[in-house]
Amino acid sequence: MTRHFAFLFSLEAAFSLTLVVVASAYLLAFAPQEENAGEFLACSDAAGALAELRAFSSQGALQASVGEAGNLLGECMEAKGAGVNASSCGEGQSEAGEKYSFSFPIWKDGRVESAQAECRQRG
């Protein structure tokens, strides 16, 4: 009877060890991603400011607002919606690095439309 219990305990130990090895192999896949909360919040605030300042009212207003926001953030910022789009990104800048994207409703010409704003590190 003792051999029977010893076999069961060794089988249970082997199974537990297998579970530990499998779990540790997948641990990196489910580890929390490192994010810079400050960059995310700054981009979120800039996107909200575009809507509040009615920057989507004209191409010139949007380009000026996006350019100023991009300079203040020190990041590349793009926005589009309501038939206008603007970018503070230079020609040929890479799209490497973190990208934050926000969609929000805007009011233009008596109706609600959708707008998007994106921020990413200058490359």
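Which residue does a disulfide join to Cys-43? The partner is Cys-119, and the two sulfur atoms lie 2.1 Å apart. Keep in mind as we go that this is a predicted model.

Let's stay with that bond for a moment. Cys-43 sits in helix H2, which covers residues 37–52, while Cys-119 belongs to strand E4, residues 111–121, so the disulfide ties together parts that are 76 residues apart in sequence. Its torsion about the S-S bond is about 90 degrees, and the link is therefore right-handed. If you look for these two cysteines on the surface, you will not find them there: Cys-43 has a relative accessibility of 0% and counts as buried, and Cys-119 is buried as well, with a relative accessible area of 0%.

How many disulfides does a search of the whole structure find? The count is two, so there is another bond to visit, given that sulfur atoms within 2.5 Å make a disulfide. This one joins Cys-76 to Cys-89, with an S to S distance of 1.4 Å. Cys-76 is in strand E1 (residues 75–81), and Cys-89 is in the loop between strand E2 (84–87) and strand E3 (99–108); the pair links distant parts of the chain, 13 residues apart. The torsion about the S-S bond of Cys-76 and Cys-89 is 80 degrees, and this link is right-handed. Both cysteines, Cys-76 and Cys-89, are buried.

Now put the bonds together. With the bonded cysteines of the chain numbered in sequence order, the pairing reads 1-4, 2-3.

From here, return to helix H2, the home of Cys-43, and look at its packing partner. Two packed helices are described by the angle between their axes and by the distance between those axes. H2 packs with helix H3, residues 59–73, at an angle of about 160 degrees, and the axes are 11 Å apart. Angles over 145 degrees count as roughly antiparallel, and H2 and H3 are therefore roughly antiparallel to each other. The crossing of H2 with H3 is right-handed.

Which residues of H2 and H3 make the contact? On the H2 side they are Ala-42, Cys-43, Ala-46 and Leu-50, and on the H3 side Ser-65, Val-66, Ala-69 and Leu-73. Seven of the residues in this contact are nonpolar, one is polar and none is charged. Notice that Cys-43 appears here again: this residue takes part in the contact of H2 with H3 and is also joined to Cys-119 by a disulfide.

Key:
Residues are numbered from 1 along each chain as its sequence is written. This is a predicted model: local features need pLDDT of at least 70, side-chain atom pairs count only at pLDDT 80 or more; totals for chains, interfaces and linings use all residues. Side-chain values use heavy atoms; hydrogens and water are left out. Helices (H or I, at least four residues) and strands (E, at least two) are DSSP runs, numbered from the N terminus. Buried means under 20% relative accessible area, exposed over 50%, partly exposed in between (1.4 Å probe, protein chains only). Axes are lines fitted to C-alpha atoms, for helices over the stretch in contact, and angles run from 0 to 180 degrees between N-to-C directions. Angles under 35 degrees count as roughly parallel, over 145 as roughly antiparallel, 65 to 115 as roughly perpendicular and the rest as oblique. A crossing is left-handed if the near helix is turned anticlockwise from the far one by less than a right angle, and right-handed if clockwise. Contact means heavy atoms within 4.5 Å. Ala, Val, Leu, Ile, Met, Phe, Trp, Tyr, Cys and Pro count as nonpolar, Asp, Glu, Lys and Arg as charged, and the others, Gly among them, as polar.
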